[in-house]
Amino acid sequence: MAGSSVEELRESALAALAAATDLEGIQAARTAWLGRKGPIVDALRSIKDVAPEERRSLGLALNQLRDEIEATLGERERRLEEEAMSLRLAQERLDVTLPGRPRAVGGPHPLRMAEAELVHVLREIGFSVAQGPEVESEHLNFEALNIPADHPAREMQDTFYLSDLPGLLLRTHTSPVQVRAMREHAPNPLRVICPGRVYRRDDDVTHSPVFHQIEGLAVGEGIGMHHLKATLYEFARRLFGADVRLRLRPSYFPFTEPSAELDVGCPFCGGKGCRVCKGTGFIEVLGSGMVHPHVLREGGYDPARCTGFAFGLGIERTAMLHYGIDDVRLLYTSDLRFLSQFQGSEA
Amino acid sequence: MKVPYSWLQQILRSLPGPEAVAQLLTAQGLEVEEVSRLGQGLAGAMVARAEEVSQLTPRLWRVVLSTGRGEAICVTGAPNVHPGAIVPYAPPGSVLPDGRTLGLAEFHGQVSQGMLLSADEIGIGPDHDGILLLPQDAPLGQDLTEYLGLPEVVFDVALTPSFAQHCQNILGVARELAAALGLPLPSGAKPWQPATTGQVPTVTADPSLCPLYLGARLVRGDERPTPLYVQRMLWAAGMRPLIPVVDLTNYVMLEMGQPLHPFALGRLAGGIAVRSARPGEEIETLDGVVRVLAEGDIVIADREGPVALAGMMGSARAEVSADTAEVFLEAALFRPGAIASAMRRLGLRSEAAQRFAHGLPGSLPARAMRRMAELLPEIGWQMAPGAVQAGQEPQPPGPIDVDPLYVQGLLGIDLGPEEQVHALAMLGFTAERKGARLAVTPPYWRIDVAEPWDVAEEVLRSVGIDRLPETLPPLAPRVAEPPLYAFGVEALAAFEAGGYRDALSYSLCDPGELLLLGRPAEVEIANPLSGDMQALRTTLWQGLLQAVRHNLARGRQEIALCEAGRVFHRKGDEVAEEERIALVLSGTRVPFGRFDAESVDFFSLKGDVEAALGRLRIGGLSFVPSADPALHPGRQAEVLSGDVKLGVLGELHPAVAARLDIGQRVWLAELSSAALLEVRTTPQATALPRFPALIRDLAVVVDQAVPYGRLRQVLRAALGEWLIAETLFDVFTGPPVPDGKKSLALRLTLQSAERTLTEADAEAALARALRALGEQCGAQRR
């Protein structure tokens with residue numbers, strides 16, 4: 001075969017290729033021209049019949065032709081695939097603003113969220129959780145905490161008593177857990193927090209007959225009120241932010257002396273005075289003090305050697321402040337319209 | 001307690017502004033909860049004199065006024081204006097505290113130029129029955145706010161029980177303020193030393209109830225009205241001026257903290273006895289309530305019976321009235337516990353009772369008597385020379401022995417003994433150094449300070465709580481926590497992840513509902529707030545069902561709630577508390593929308609429980625038909641892990657649902673947290689399979705009554721370790737399956753840990769399975 005016939009072969013190949021306009025045509029053309037029975041393979045096979053001095057150039061020319069056909073087909077194929085992909089992508093376009101497939105969304109209760117946050121911060125500061133019963137003995141709820149029968153403080157905490165179970169009541173505060181924890185750990189140093197349910201005979205917008213408190217207690221040798229202050233301030237800064245305004249104010253609790261309350265700068269008015277803080281610029285968050293020697297003795301510690309501090313706060317109040325809830329009863333109605341405001345809003 | 005700023009100013013003379021005073025009091029422990037300004041906003045009113053008064057109609061009077069600068073005519077509806085009276089007059093253009101601007105008004109043809117003002121209209125007191133009559137020496141034409149010193153700033157102070165003893169009076173508050181300002185402390189009136197003869201009733205007193213009783217005779221002369229400053233202070237403190245001599249006793253009580261009781265002397269029959277009430281004895285108190293007394297309540301009685309509930313309230317029989325000419329005045333000490341318990345039981349929280357209940361200093365009655373003697377001439381009365389005394393003035397105990405190092409250590413403030421002595425002196429305590437220790441004597445007004453820690457508290461208040469350094473406590477190892485606490489949090493989160501919202505219910509509930517749920521109350525409240533909070537819950541379902549009702553009533557159909565909390569059981573004379581976690585599911589999973597709402601059923605709840613327990617690493621679950629009375633008898637199961645009972649789940653019994661007025665199907669579960677924690681496992685890794693699995697489908701027909709769980713059990717036993725998983729994918733009844741039978745289709749995954757299973761292995765295994773199912777369950781291949 002001479003050079004001229006390679007050129008003829010090329011022209012007829014290109015003419016045939018031009019007719020291949022879809023992927024199937026391209027595949028057919030590839031088989032027809034480059035296949036084992038195609039003209040190029042034929043020509044290469046018959047190269048041995050050509051004069052030896054022409055074999056090299058003929059082989060070269062045929063290989064070039066094969067490459068050219070392959071390149072032309074490949075190029076056309078790629079273009080067709082791209083077109084097909086573009087078409088598919090265009091057809092598959094979605095309205096991404098349509099709603100997502102709804103899932104049943106669960107979530108925690110705002111009170112539990114507040115409790116978890118308080119417990120988390122206090123654990124970081126070095127306290128461990130302790131627990132006690134909600135049905136408590138009158139002794140641990142009152143006498144052991146330095147609240148004898150005719151003490152005016154008993155009036156502050158109107159109490160539920162139980163039928164046919166003399167000496168038992170529903171605890172009015174989490175403080176009895178202090179005494180229980182002390183009895184368990186005395187004479188070792190101790191740092192515990194006691195979150196839990198408490199009960200008082202009270203029912204209005206700000207008081208619920210069932211509510212939650214968290215109590216903190218630290219006992220050991222050489223514990224002073226400066227330790228209480230640093231602990232409370234550290235706690236408040238982690239909870240409310242490092243630049244929160246804090247104020248410790250003398251107060252009274254029967255089970256601590258001296259006693260103090262911790263106020264934080266009113267988050268609603270920034271301290272200028274508003275309805276929430278009743279114009280004082282501060283909001284009361286917790287009560288605290290140095291554990292009364294009577295209570296230490298009840299807990300099995302020698303007040304001559306050991307001292308301690310304690311503090312307590314209402315979890316409902318913290319949650320209400322934190323999440324802007326204005327009626328405590330909302331926390332206990334399990335209204336899904338309310339609960340779904342706190343995590344995982346719904347479609 | 002209401003504390004008028006001007007009263008503090010009158011006692012201490014020079015004071016910083018009200019805001020600064022509020023802050024100082026709060027820092028001292030007397031928390032100022034609110035600052036109000038009485039008469040704020042009043043403008044343009046002045047002092048005037050009524051020159052002529054003539055009646056226009058039965059209820060209207062025309063008053064000609066002189067203002068010092070001219071005349072004006074006013075119409076008033078108040079009957080107490082007489083010619084010569086000095087009155088507050090608001091001419092046209094003046095503004096009242098409520099925001100009204102006055103103009104001209106016409107009544108029955110008479111134009112009124114502005115109006116005369118009552119205490120209520122001025123904003124300083126509740127009295128709106130008459131015009132506020134001013135003292136005769138009030139300068140005509142003077143601006144009223146200037147004359148009355150308005151606005152009257154009043155602090156509302158929250159008194160903790162520790163302050164209620166010595167600060168439930170203006171002098172006490174003034175002392176605290178003086179200490180904060182470094183001013184000398186006002187001591188109050190000196191004790192009264194009466195001649196103990198005179199025409200006074202004899203008194204006998206039970207010393208266990210009334211350690212000291214002083215009585216004096218007050219005689220009326222040319223009576224004058226209660227001084228304006230006394231009226232203003234009573235108003236500001238929230239009391240109402242009544243009759244001059246009564247007003248003075250109230251004023252002295254507010255000032256010093258000693259309640260005084262005036263009896264109309266002419267109405268007392270014979271001598272007086274202070275004694276315990278007899279059980280069932282009755283008294284009609286001044287508020288018109290007939291009160292039934294109990295032993296231990298203290299009464300003041302004459303020959304005819306009780307004339308007063310001691311320390312709390314008088315009776316109408318010996319009440320002082322406007323024409324009383326002689327008064328028997330009582331100043332006494334009553335046992336605080338007796339007053340406190342009577343106050344609680346009778347619900348009678350009078351000003352007097354609230355002071356007696358906290359205890360009073362021994363010398364206070366005599367000091368208050370002396371103060372009354374000083375003030376009486378201002379209203380044209382005086383104290384007659386005679387007096388009577390029963391009992392003795394209690395003497396304070398000796399000095400308190402205090403180690404200054406103890407105080408320093410407890411507070412964590414570096415304070416030497418000298419500084420402590422000084423700090424105590426600021427609050428009126430005397431402290432003497434006795435070697436390394438201090439002998440501390442409280443001032444007469446502090447009977448609550450008795451122990452070294454009390455003294456430490458006073459030192460802290462005196463130096464100021466801001467002196468406390470901030471030092472974190474030394475490191476102590478954290479103690480181990482009860483595992484159930486953290487587990488409870490984790491368990492709730494596992495259910496929340498499955499689409500349940502965390503609910504909270506009261507643990508107090510209606511015992512009737514517990515009974516309806518087959519879980520009768522075991523512990524009841526002796527003094528419940530209401531019938532629906534009468535029992536401690538024995539199940540969390542009661543609260544969750546209430547939540548279902550609440551949400552259904554608000555149109556919410558998709559309900560999935562979980563709750564963790566305690567239930568209460570009676571164990572003899574004790575109460576056992578158990579932590580539980582409960583679920584309620586009803587309606588559809590997701591609300592109406594573009595995607596199909598999945599309606600829920602028994603198997604939704606069961607699947608949720610299985611998934612959540614899986615998240616909690618609790619396996620080996622089985623569900624055994626059970627007989628809980630609250631649940632549908634054919635749609636409930638006990639949940640077990642191995643042989644540990646975890647709880648129960650099922651559909652709420654339709655009859656119970658109807659009784660609870662719940663109109664849609666509800667599914668419930670309740671599990672014991674302690675049981676869950678007990679069976680929770682530590683996950684163990686196993687080798688990944690090295691040989692391929694074979695998948696075979698198997699369909700069998702069995703009697704309807706044979707539970708799937710039984711088939712599965714047999715299948716597992718027959719196939720042993722090779723059975724990696726079985727998936728039930730079809731349950732079918734009806735033709736061509738014969739009546740009373742059902743067809744079950746299962747996909748089995750077979751795999752060996754030792755070798756690749758062959759087709760022959762699979763055939764043999766299936767044959768083994770079918771044989772076992774046939775023999776033990778009566779199943780036939782379909």
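Two strands pair if DSSP finds at least two bridges between them. The exercises below use a predicted model.

**Exercise 1. In which order do the strands of the open sheet of 4 strands in chain B lie, and which are its edge strands?**

Step 1. The order is 13-20-12-21 (chain B), and the pairing is antiparallel.

Step 2. Strand 13 (260–264) and strand 21 (381–391) of chain B each pair on one side only, which makes them the edge strands.

Step 3. On average, neighbouring strands of this sheet are turned by 25° against each other, direction ignored.

Step 4. Inside the sheet, strand 12 (residues 212–220) and strand 20 (residues 326–333) of chain B run antiparallel and are joined by 8 bridges. One opposing pair is B:Arg217 and B:Phe328, the latter in strand 20 of chain B.

**Exercise 2. Which strands of chain B do helix 8 and helix 11 of chain B touch?**

Step 1. Helix 8 (residues 244–256) of chain B packs on the sheet and touches strand 12, strand 13, strand 20 and strand 21 of chain B. The direction of helix 8 makes about 165° with that of strand 13 of chain B.

Step 2. Helix 11 (residues 364–375) of chain B also packs on the sheet, touching strand 12, strand 13, strand 20 and strand 21 of chain B. Here the angle given is with strand 20 of chain B, and it is about 150°.

**Exercise 3. Why is strand 32 of chain B described as largely enclosed, and how does strand 32 pair with strand 31 and strand 33?**

Step 1. A residue is buried if 20 or more other C-beta atoms lie within 10 Å of its own.

Step 2. In strand 32 (residues 644–652) of chain B, 7 of the 9 residues are buried, so the strand is largely enclosed by the rest of the structure.

Step 3. Strand 31 (residues 631–641) of chain B pairs with strand 32 of chain B in the antiparallel sense over 7 bridges. These two strands form a hairpin with 2 residues between them, and B:Gly642 in the turn has a positive phi of about 60°. B:Ser641 stands opposite B:Val644 in strand 32 of chain B.

Step 4. Strand 33 (residues 666–672) of chain B pairs with strand 32 of chain B over 5 bridges, again in the antiparallel sense. B:Gly650 has B:Leu668 of strand 33 of chain B opposite.

**Exercise 4. What are the domains and the dimensions of chain A?**

Step 1. The domain assignment gives domain 1 (3–91) and domain 2 (110–339) of chain A. Their centres, taken over C-alpha atoms, are separated by 89 Å.

Step 2. The C-alpha trace of chain A spans about 130 × 50 × 45 Å along its principal axes.

Step 3. The radius of gyration of chain A is 42 Å, whereas a compact globule of 347 residues would have one near 20 Å.

Step 4. The secondary structure of chain A comes to 12 helices and 9 strands, and buried residues make up 42% of its 347 residues.

**Exercise 5. Is A:Ala20 buried or exposed, and where does it lie?**

Step 1. A:Ala20 lies in the loop between helix 1 (3–18) and helix 2 (23–34) of chain A.

Step 2. A:Ala20 has 20 other C-beta atoms within 10 Å and is therefore buried.

Step 3. Leaving aside neighbours within four places in sequence, A:Ala20 is in contact with A:Gly25, A:Ile26, A:Ala28 and A:Ala29. A:Leu73 is 53 residues away along the chain, and its C-alpha atom is separated from that of A:Ala20 by 8.8 Å.

**Exercise 6. Are A:Asp164 and B:Arg617 buried or exposed, and what is the phi of each?**

Step 1. A:Asp164 is not a glycine, yet has a positive phi of about 60°. It is in the loop between helix 7 (153–156) and strand 3 (168–170) of chain A.

Step 2. B:Arg617, also a residue other than glycine, has a positive phi near 65°. It is in the loop between helix 18 (602–615) and strand 30 (621–625) of chain B.

Step 3. A residue is exposed if it has 12 or fewer other C-beta atoms within 10 Å. A:Asp164 has 10 and is exposed; B:Arg617 has 12 and is exposed.

**Exercise 7. How many residues of chain B are in contact with chain A?**

Step 1. 85 residues of chain B are in contact with 77 residues of chain A.

Step 2. On the side of chain B that touches chain A, 45 residues are nonpolar, 19 polar and 21 charged.

Conventions:
Residues numbered from 1 in each chain as written. Chains lettered and ligands numbered in written order. Predicted model: local features only at pLDDT ≥ 70, side-chain atom pairs only at ≥ 80, totals over all residues. Domains from an automatic or database assignment. Contact = placed C-beta atoms within 7 Å. Nonpolar A, V, L, I, M, F, W, Y, C, P; charged D, E, K, R; others polar. Rg over C-alpha atoms; globule rule 2.2 N^0.38 Å. Axes fitted to C-alpha atoms, helices over the stretch in contact; angles between N-to-C directions.
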